[in-house]
Amino acid sequence: ILADKAASSTKMKGTHIYMILLMILSMLFFVVLLPSTHQTIRARSKPPDPVMPPIDPAFNLTMDPNIKLILLLTPFRGGSTLLGQIFDNNPKVQYHFEPFLDAFLENLHRKGYLLGSRSDHTQADLRMLYLQQALHNCTVYPSRFPSKYGVCGEAQENLLLYNRTDCDDKDFIWETSPSSICRLRKVIVMKVIRQKTLSEILKIAQIRTANIKIIHLLRHPIPMMLSRRTGWKFFIYDKRKKVEKTPPSWPEYKAKMGWESHDYCASNLQSIQLTENLPWLKKIYMRVSHKEMSLHPLETTTKIYKFIDEPLTDDLLETMRQMTSPSVQDLEELDNPDDALRTRKNSTEIVNKWKGLSDMVKYNDLPIIETVCKGVLEVVRAESTRDGISGAVMRKRLEREDGF
């Protein structure tokens, strides 16, 4: 009996040890092996990372560091003329007035003058192909708007280009002369009002290696929209919402004003945000307000030339002073409120003259513009372009004008 009990006890101990080992192995399986197996399964079942589309080979030209390009990103009726004059009056640079016209670029594409252009390229593609080839080897062509020194420069330059100190339009060859002038001056300035957002330049694969500076002109949306409204005409507005009647009915007009304001403000905020997100872009970017340029044209001109690292002559400063100083006739005409939105040489007066318009003309559009342009209003106010019109004053004016 004692022998049987001992054998039974030994058997039970062996069973207990077996059960303990089994429990330990089970724990190891659930704690170590099973999670790793699940991770392996998940890793195998995980969809592959999305493959980035290949860079369009048309946008992979090398950049010439000896060619400096100044891109003026400006709105229509936003002070682009004055900003352009800062460069157009300088014979040391090659100034291009609005080279991004659709018809102009399509003509270059048809003639094979846009390097790498294809039939499937969009208008935005054509714009950036033209910008790229200018940065690549100064392959540029004259736009439809002549510039002051587009053909003839200083005497020494004319001697190099035309073998004599003077020149005229007869010396100019459409296909080759602009590129020759560009390669001689090595500073190109392009004023564009048809490039809505700065993000388009990211199409160019080598843009970070380019010698490019970007000046972004921003104007308070309220006076700009009032200026665009002259004659019931709008230019940067969704064509699908086009108003057919002339003049349009009041609801149609309001819709058009809203779309136009949204288009301007949204695209400019996108450009500003892009520079904040890309440090390399922020280094080559400068924002200028319309009011700053109008109230302090000489100081702003000096600041711009310092930013692009180009010499500013006394002659150019004097030219800008004459352009922005009022004559007696200008001052007399500015007393007429009906002329408040017309372009004047007296930049310090005209910048705030829109506030003198009648309440009916001015305040009926403020609710729409302020609703869709809150972000831009904050930006321009931070740059001392506050319009001085509070919400309370606006509501009182609107009430007085029976809701308009």
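# Exercises on two disulfides, two helices and two cores

Cys138 is buried, since its relative accessible area is 0%. The exercises below start from this residue and use a predicted model.

**Exercise 1.** Find the cysteine with which Cys138 forms a disulfide, and work out which parts of the chain the pair ties together.

*Solution.* Step one is to look for the partner: the sulfur atom of Cys138 lies 1.9 Å from that of Cys182, and the two residues form a disulfide. A pair of cysteine sulfur atoms has to be within 2.5 Å to be counted in this way.

Step two is to place both residues along the chain. Cys138 lies in the loop between H4 and helix H5 (155-162), while Cys182 belongs to helix H6 (residues 177-185), so the disulfide ties together parts that are 44 residues apart in sequence.

Step three concerns the handedness and the surroundings. The torsion about the S-S bond is about -60°, so this disulfide is left-handed. Cys182 counts as buried at 1% relative accessibility, and Cys138 is likewise buried.

**Exercise 2.** How many disulfides does the count come to, and where in the chain do Cys152 and Cys167 lie?

*Solution.* The count comes to two disulfides. Besides the pair treated above, Cys152 and Cys167 form a disulfide, with their sulfur atoms 1.6 Å apart. This pair links distant parts of the chain, for Cys152 is in the loop between H4 and H5, whereas Cys167 is in the loop between H5 and H6, 15 residues apart. Cys167 has a relative accessible area of 16% and is buried, because the cut-off for buried is under 20%.

**Exercise 3.** Decide whether helix H4 is mostly covered or mostly open, and name elements that cover its buried residues.

*Solution.* Begin with the dimensions: H4 has 15 residues and reaches 22 Å from its first C-alpha to its last, which is close to the 21 Å expected at 1.5 Å a residue.

Next, consider the burial. Twelve of the 15 residues of H4 are buried, and the helix is therefore mostly covered. The buried residues include the charged names Asp125 and Arg127 as well as Leu126, Met128, Leu129 and Tyr130. The cover over the buried residues includes strand S1 (68-73), strand S2 (94-97), helix H3 (102-111), strand S3 (187-192) and strand S4 (211-218).

Finally, look at the end of the helix, where H4 is followed by Cys138, a residue whose phi is positive, near 65°.

**Exercise 4.** Which residues of the largest nonpolar core touch the most other members, and which helix gives the most to this core?

*Solution.* The largest nonpolar core has 53 residues, and those that touch the most other members are Leu69, Tyr130, Leu131, Met190, Ile201 and Ile214. Helix H4 (residues 123-137) gives the most to this core, with seven residues. To follow one member further, take Tyr130: leaving aside neighbours within four places in sequence, its contacts include His96, Phe100, Leu108, Val140 and Met190. Apart from this core lies another one, of 21 residues, including Val93, Leu217, Ile304 and Ile308.

**Exercise 5.** Determine how the buried residues of helix H11 are arranged around its axis, and which residues on the other side are exposed.

*Solution.* First, H11 (residues 297-308) has twelve residues and spans 17 Å from its first C-alpha to its last, close to the 16 Å expected at 1.5 Å a residue.

Second, the buried residues of H11 are Pro297, Thr300, Thr301, Ile304, Tyr305, Phe307 and Ile308. They cover an arc of only 155° around the axis, which puts them on the same side of H11. Behind such a pattern stands a general rule: an α-helix has 3.6 residues a turn, so residues three or four places apart point the same way.

Third, Glu299 and Lys306 are exposed on the other side of H11.

Fourth, the helix is followed by Asp309, whose phi is positive, near 60°. Leu312 lies in the loop between H11 and helix H12 (314-323), and at 25% relative accessibility Leu312 counts as partly exposed. Not counting residues up to four places away in sequence, Leu312 touches Thr301, Thr302, Tyr305 and Leu317.

**Exercise 6.** Locate Lys186 and list what it touches beyond four places in sequence.

*Solution.* Lys186 is in the loop between H6 and S3, and with a relative accessible area of 41% Lys186 is partly exposed. Beyond residues up to four places away, Lys186 touches Asn66, Ile67 and Lys68. Lys186 and Leu69 are 117 residues apart in sequence, yet their C-alpha atoms are 8.2 Å apart in space.

Terms used:
Residues numbered from 1 in each chain as written. Predicted model: local features only at pLDDT ≥ 70, side-chain atom pairs only at ≥ 80, totals over all residues. Heavy atoms only, no water. Helix = DSSP H or I, 4+ residues; strand = E, 2+ residues; numbered from the N terminus. Expected span 1.5 Å × (residues − 1). Buried < 20%, exposed > 50% of the residue type's maximum accessible area, 1.4 Å probe, protein only. Arc of directions from axis to C-beta. Core = buried A, V, L, I, M, F, W, Y, C linked by side-chain atoms within 4.5 Å. Contact = heavy atoms within 4.5 Å.
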